[in-house]
Amino acid sequence: MEFLTAVFLWFLFFSISDTAIVDLTSETSSLISFKRSLETPSRLSSWNVSSPSSSHCDWFGVTCLLGRVYSLSLQSLSLKGNLSPSLFTLRSLSVLDLSENSLSGQIPKEISSLKNLKELRLAGNHFSGKIPSEIWKLKQLQTLDLSGNSLTGLLPSQLSELPQLLYLDLSDNHFSGSVPPLFFLSFPALSSLDVSNNSLSGEIPPEIGKLSNLSDLYMGLNSFSGTIPPEIGNISLLKNFGAPSCFFKGPLPKEISKLKHLAKLDLSYNPLKCSIPTSFGELQNLSILNLVSAELIGLIPPELGKCKSLKTLMLSFNSLSGSLPLELSEIPLLTFSAERNQLSGSLPSWIGKWKVLDSLLLANNRFSGEIPREIEDCPMLKHLSLASNLLTGSIPRELCGSGSLEEIDLSGNLLSGTIEEVFNGCSSLVELVLTNNQINGSIPEDLSKLPLMAVDLDSNNFTGEIPRSLWKSTNLMEFSASYNRLEGYLPAEIGNAASLTRLVLSDNQLKGEIPREIGKLTSLSVLNLNSNKLQGKIPKELGDCTSLTTLDLGNNNLQGQIPDRITALAQLQCLVLSYNNLSGSIPSKPSAYFHQIDMPDLSFLQHHGIFDLSYNRLSGSIPEELGDCVVLVEILLSNNHLSGEIPASLSRLTNLTILDLSGNALTGSIPKEMGHSLKLQGLNLANNQLNGHIPESFGLLDSLVKLNLTKNKLDGSVPASLGNLKELTHMDLSFNNLSGELSSELSTMVKLVGLYIEQNKFTGEIPSELGNLTQLEYLDVSGNLLSGEIPTKICGLPNLESLNLAKNNLRGEVPSDGVCQDPSKALLSGNKELCGRVIGSDCKIDGTKLRSAWGIAGLMLGFTIIVFVFVFSLRRWVMTKRVKQRDDPERMEESRLKGFVDQNLYFLSGSRSREPLSINIAMFEQPLLKVRLGDIVEATDHFSKKNIIGDGGFGTVYKACLPDHWLRNQTGMLEVLDWSKRLKIAVGAARVIAGTFGYIPPEYGQSARATTKGDVYSFGVILLELITGKEPTGPDFKESEGGNLVGWVTRKINQGKAVDVLDPLLVSVALKNSLLRLLQIAMVCLAETPANRPNMLDVLKALKEI
């Protein structure tokens, strides 16, 4: 018996051992098969069966229990390939983690074989397709993480078959459709759910309240609709609720206040359009509340002061109003941001109670008064932004009392006084922004003692010299002090600021030469010294500033040649040397600048691809090598002494949008290859000596807006292909030797505003099809050999301001309608065979025509009598109605303004009346006067240089003192004037306007002519200055707002925030309506399309009615 027992045990042992050996061999084989299926098997180099003593349980990422694979964890190994089904033969596998690799393809359905699987983590791969339905057969599954893939399809309701699931993450995929109610019904154990960043839609079903054990819910970045269901309050254990950018609408359910464990609530970037519920004050455990950009309205509820655990309160980018409630002082805030709201009142002194406050961000509100000195009582405060408010007074010295401040932004206020000793205590300060205030005095020497990395002092009243000690700073990376009154020289010590990346000192009064030592600044990315009084030569050492992306030395008195070494600046993207006295040739050796398409850091790059050498004394030819500068967008070489031919290589510049070579001595023909510059919008070759034909290829330039070829020696006919230029608004071909007949194809340039072809040799008739150019305002065909009659259709063009047909061979009767009946707008002299009432010359007609005319006259007389009776009756009826309405002023106002509502503004209607054509000098309240050239010469002292005050889009702007002091152009900051004075300025400016930089209308390009409608636009800008108290251009206008005052105001109005643009120094209940009325007038003047602007007579009349 004992023998039999021993034999049985021996047999049993070897049977079990054989089975184990077979299983272990099978697991090893499965793992090796998985490795071999990868595209990167070398990442699992330790998986090797060559050593007989090696066990697969010892391999990297493999964990065994009782000799079998229990866990396989291979995250972040850069594994690439499909997921091999061989892994799914590991029957004992409980944990499979392949997250953060590059696995792709579909998830195999064989995964259902892993009956013991508890954790499946496949996040951060490239899996695609739908989730296999077989995955829901894994009844033991507790964690399922499929986030960060490219999975598609609907959310499956089969998830209800996973009763033990605790953690489910499906975020960052492409799931779509609505969330089915069954999705929430059978998860009694689920504690974390993340479906964020998908394409889910529809309303959230109320069944979400069944997730009673849920602590974390993330559903942001989807396209849900409707409101957050009140059943959300039933998830009693919820701690973190994140639902940003979900398109949820308000009101927010009061049931949220039932979430007593809620610590983090993020509903940012939803169009809630409601107020903050006062019930939020019941959330005693709330530590983070993020409601940024949620279109909130109303006040900040004082009840938030009951949230004793609240540390981060983010309310920026909403429409909250009122003052900061005192109750907020009772919570231990670390961060408080409420930027870009409509909060007002003074900054409270109780801010000093926030003893642990790290960040206080209140920019772009309406806070007034002085900066409270109690800020020094915030010992932990590091980040302070009070920009773009209405703060006044001087900056208190106590601001830096704690010494912890690292960033200070007080820009865009009304702060005054000096900053001497103000920041001495800011021992940790790295960024200081004081842009656009009224701070005066000198820049303190003590700033150099601080660890400052960025200093921005633009648009203030700083005077004196820049402290030499500032350049000793080894930390300073950005220094900007443009638009001040700084004087003195740039010292040699500037070369010591080794970390400097951005130096902007434009629009000051700096003088002397640019020091050679500036070449030591090898990290310098932006150097802008525009509009100073610098002289001497451009130092060749600038070629050592190898990081330069922007070099702007324009509007100075620099002389000599452009150093060749500048062409070696491989990162240079913007070069402005215009308005100097530079001579010599344009550097032509093989260059490195304007070649680099991908820049390492464009954070400082303001103008991409600008090459501006205009208004100098440069000579020689345009280098062929310029065609290799592939990133060029604008080439401005006008008003130099350049000669030779236009290089065909410029056509290789595929990004070129503006080419201005006007005012030189260029010869030869226009290269036909220019027609390949398909992005070209402005082409100005005027005032040269070009000959030959206009290239037929110009018809390919379908983005062209301005074309100016005036005053050359071009001949031949106008190519019919120009009719393809559908975007063209201005074309000037005047003063050439062009001939042939005018093509009717020109009528297809439907956006044309100005057509100038005078002083050529055109023959034939004026095409009547030109009468289809409904936007046309200026047509000049004078000084040609045109014949035939004047097309009536042209005279009737609705927007035509000026028609010059003089000195041709036109004949027949002048049409008596439209512009042709106004001698001040239609110039017809020099056409001997014209006749008609308009020019006071009777036309001869034969007897047959006379009898026919009498018959027609009889019919017209009868018709006229009938019309007269009808009009007389209608007039009596209208007068009766008016009498009835006189006692109803509100109804009269509503009727007067009806139909012109836009963002709460009533706009003037687009008047079609026209002012007489003058020489575009001025408009007067008295009878319109013509200013003679002699008057202008005398008023400008024979165009003396001492009277030059700037340069506009069409040349130099002079100060002219007329006998009765009609016009006075004054530069500098806008003075703080009361409303009556500003209105007088507006009325006065309506009589005398002229275009200059910042006032240029959009239709004036490199090749435009000044127009009366352009003057109306300029006047609109002047009105905005008076209304807002801001200058037309400046650094405080962002690119997204057009980079100027007009763009900023337009964006505000489009957002329904017209009141925000009004100068706070003027706004009052009594003046608000008057200011808005003036804003209405300004915006009509600023219409983008010239035809939609009123004339100045209408504007002046409207101003007088305010």
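Helix H10, which spans residues 1096-1104, has Met1096, Val1099, Leu1100, Ala1102 and Leu1103 as its buried residues, where buried stands for under 20% relative accessible area, exposed for over 50%, and partly exposed for values in between, with a 1.4 Å probe and protein chains only. Viewed down the axis of H10, these buried residues fall within an arc of 160 degrees, so they line one face of the helix; the arc is taken over the directions from the helix axis to the C-beta atoms. Met1096 lies in H10 and counts as buried at 1% relative accessibility. The C-alpha atoms of Met1096 and Lys1013 are separated by 8.6 Å, although the two residues are 83 apart along the chain.

The model is predicted, and for that reason local features need pLDDT of at least 70 and side-chain atom pairs count only at pLDDT 80 or more, while totals for chains, interfaces and linings use all residues. Residues are numbered from 1 along each chain as its sequence is written, and side-chain values use heavy atoms, with hydrogens and water left out.

Taken as a whole, the protein chain contains ten helices and 65 strands; helices (H or I, at least four residues) and strands (E, at least two) are DSSP runs, numbered from the N terminus. Of the 1106 residues in the protein chain, 49% are buried. Among contacts between residues at least 6 apart in sequence, 51% join residues at least 24 apart, a contact being heavy atoms within 4.5 Å. The protein chain exposes about 49,500 Å², of which carbon and sulfur atoms supply 52%; accessible areas come from the Shrake-Rupley method with a 1.4 Å probe, and for residues only the protein chains shown count as cover.

A nonpolar core is here a set of buried Ala, Val, Leu, Ile, Met, Phe, Trp, Tyr and Cys residues joined through side-chain atoms within 4.5 Å. The largest nonpolar core holds 236 residues, and Phe241, Phe336, Phe423, Phe479 and Phe611 touch the most other members. The elements that give two or more residues to this core are helix H1 (2-37), strand E2 (68-73) and helix H2 (792-795), with H1 giving the most, at three residues. Leaving aside neighbours within four places in sequence, Phe423 is in contact with Ile395, Leu399, Cys400, Ile408, Leu429, Leu432, Leu434, Leu447 and Leu450. A second, separate core of 29 residues includes Val1046, Ile1053, Val1061 and Leu1078.

Turning to charged side chains, a salt bridge is a side-chain nitrogen of Lys or Arg within 4 Å of a carboxyl oxygen of Asp or Glu, and by this rule the count comes to eleven salt bridges. The table gives some of them.

| Salt bridge | Closest N to O distance |
|---|---|
| Glu119 and Arg121 | 3.4 Å |
| Arg397 and Glu421 | 3.2 Å |
| Asp446 and Lys449 | 3.5 Å |

The pair of Arg397 and Glu421 links distant parts of the chain, 24 residues apart: Arg397 sits in the loop between strand E26 (390-391) and strand E27 (407-409), and Glu421 in the loop between E27 and strand E28 (431-433). Arg397 is exposed, with a relative accessible area of 54%, whereas Glu421 is partly exposed at 42% relative accessibility. In the pair of Glu119 and Arg121, Glu119 is partly exposed at 28% relative accessibility, and Arg121 is likewise partly exposed, with a relative accessible area of 25%. Asp446 is partly exposed, with a relative accessible area of 25%, while its partner Lys449 is exposed, with a relative accessible area of 67%.

On the surface, Leu65, Leu66 and Tyr70 form a nonpolar patch with about 360 Å² of accessible area together; patches are made of residues with over 30% relative accessible area and no salt bridge, like charges being joined within 9 Å and nonpolar side chains (Val, Leu, Ile, Met, Phe, Trp, Tyr) within 5 Å. Leu66 lies in the loop between strand E1 (62-65) and E2, and is exposed, with a relative accessible area of 84%.

Two loop serines complete the account. Ser662 has its place in the loop between strand E46 (658-660) and strand E47 (665-666), and is buried, with a relative accessible area of 9%. Leaving aside neighbours within four places in sequence, Ser662 is in contact with Leu637, Ser638, Asn639, Asn684, Leu685, Ala686 and Asn688. Ser459, in the loop between strand E30 (454-456) and strand E31 (461-464), counts as buried at 11% relative accessibility. The C-alpha atoms of Ser459 and Tyr483 are separated by 4.6 Å, with the two residues 24 apart along the chain.
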